[in-house]
Amino acid sequence: MHPVFRTLRLPVVAAPLFIISTPKLVIAQCKAGIVGSMPALNARPASLFTDWLAEITEELAAHDRHHPEAPAAPFAINQIVHRSNDRLEQDMAACERYKVPIVITSLGARPEINDAVHAWGGVVLHDVIDDVFARKAVEKGADGLVAVAAGAGGHAGTVSPFALVHEIRRWFRGPLALSGAIATGDALLAALAAGADFGYIGSAFIATEEAHADAAYKKMIVESSSRDIVYSNLFTGVHGNYLRGSIAAAGLDPDALPHGEARMMNFGSDRKKPWKDIWGCGQGIAAVTEVMPAGALVDRLRREYAAALRRLGETALAA
């Protein structure tokens, strides 16, 4: 495994959550021993991004000085590398200045972006929804992959996590994170048993104290389960998983959504936006029963993971 991951105390990469992930959440995740991440585009105006990188790097460096026995895990920045992102060059320059350890790329694989990250010693993980996109990403220089399988929050694929990991592992031996309804230590162990190196966890972190999410959003996650997740392409033109309650609150029938694209919907006098008003979420949220600090969530995952390992060992001995 690449040395950038050596300080992880739990094999988890926190997913970059649009609007929701800010330095406060990233720092808490890294201090707890998992990769914390955020989208560069969460920093608005764009000039704020440099300030956020400074805050993260300085806070984590201070933590390491005071806690050499438990250094912080590395952080990651998500970059939308599609040509429509007119901030990409500016944001990549900021990442280079602060030598961002991990860059998670989305919406296209671009060799020049991968080369830039490699030049400062960083690692690139590219998110994919199927084996075809996975092969293209690695061919273009990605070091690792995020397999976004069925059940993941936000834009998600339809392939079973087990099938997707199997198909990728037939030819790829690099870093592989699995996304798709992972919200417990048991599910994390299952992801690793299937062949992934990391669990990629997003929705559970929305219901944390550090998350920059509406209190009603957090409350809805705590009160919801997999039956409250709706898969639709209506809101952004790309299929994704969303909370049923937020769709109903926008004036739509979650059980009778049309197919198509409506990037900004106008219902009555209100303009409703995906992510801000229509809330993304994955299928694993039944495990989220309260809003808690991010560090406490990681501690719970760690305990559950250890317990699952013990059960597995006991089962093996019994056999």
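Trainee: Leaving out residues up to four places away in sequence, which residues does N42 touch?

Mentor: A good place to start, and keep in mind that this is a predicted model. Beyond its sequence neighbours up to four places away, N42 touches L17, F18, I19, I20, S21 and W52. N42 itself sits in the loop that joins β2 to α2.

Trainee: Is N42 buried or exposed, and how do I decide?

Mentor: Look at the relative accessible area: under 20% is called buried. N42 has 12%, so it is buried. Its side chain also has a polar partner, since one of its polar atoms lies 3.0 Å from the backbone oxygen of L17.

Trainee: Where does R44 lie?

Mentor: R44 is in the loop between β2 (36-39) and α2 (48-66). For accessibility, the mark for exposed is over 50%. R44 counts as exposed because its relative accessibility is 53%.

Trainee: Which residues is R44 in contact with, apart from neighbours within four places in sequence?

Mentor: Those contacts are F18 and R87. A polar atom of the R44 side chain also lies 3.1 Å from the backbone oxygen of L41. For a sense of the fold here, compare sequence and space: R44 and I19 are 25 residues apart along the chain, and their C-alpha atoms are 9.8 Å apart.

Trainee: Now the interior. How many residues does the largest nonpolar core have?

Mentor: The general idea is that in soluble globular proteins, nonpolar side chains tend to be buried together. Here the largest nonpolar core has 77 residues, and those with the most contacts inside it include F49, F75 and I168. Helix α11 (residues 294-318) gives the most to this core, with six residues. Apart from it lies another core of 19 residues, among them L8, I102, V123 and A177.

Trainee: What is F75 in contact with, leaving aside neighbours within four places in sequence?

Mentor: Its contacts include V26, C30, L53, I56, L60, V100 and I102.

Trainee: And how do I read a pocket? What lines the second largest pocket?

Mentor: Rolling a probe the size of a water molecule over the atoms shows where empty space is left. The second largest pocket has a volume of about 200 Å³. F75 appears again in its lining, alongside V4, R6, T7, T57, L60, D64, P71, A72, A73, P74 and P101.

Trainee: Which element gives the largest share of that lining?

Mentor: That is α2, with three residues. Sorted by class, the lining has eight nonpolar, two polar and two charged residues.

Conventions: Residues numbered from 1 in each chain as written. Predicted model: local features only at pLDDT ≥ 70, side-chain atom pairs only at ≥ 80, totals over all residues. Heavy atoms only, no water. Helix = DSSP H or I, 4+ residues; strand = E, 2+ residues; numbered from the N terminus. Buried < 20%, exposed > 50% of the residue type's maximum accessible area, 1.4 Å probe, protein only. Contact = heavy atoms within 4.5 Å. Polar contact = N/O pair within 3.5 Å; in protein donor to acceptor, adjacent residues only side chain to side chain. Core = buried A, V, L, I, M, F, W, Y, C linked by side-chain atoms within 4.5 Å. 1 Å grid on protein atoms, 1.4 Å probe; cavity = no way out; pocket = protein on both sides within 12 Å on 5 of 7 lines; lining within 4 Å. Points joined across faces, edges and corners; volume = space filled by probe spheres on them. Nonpolar A, V, L, I, M, F, W, Y, C, P; charged D, E, K, R; others polar.
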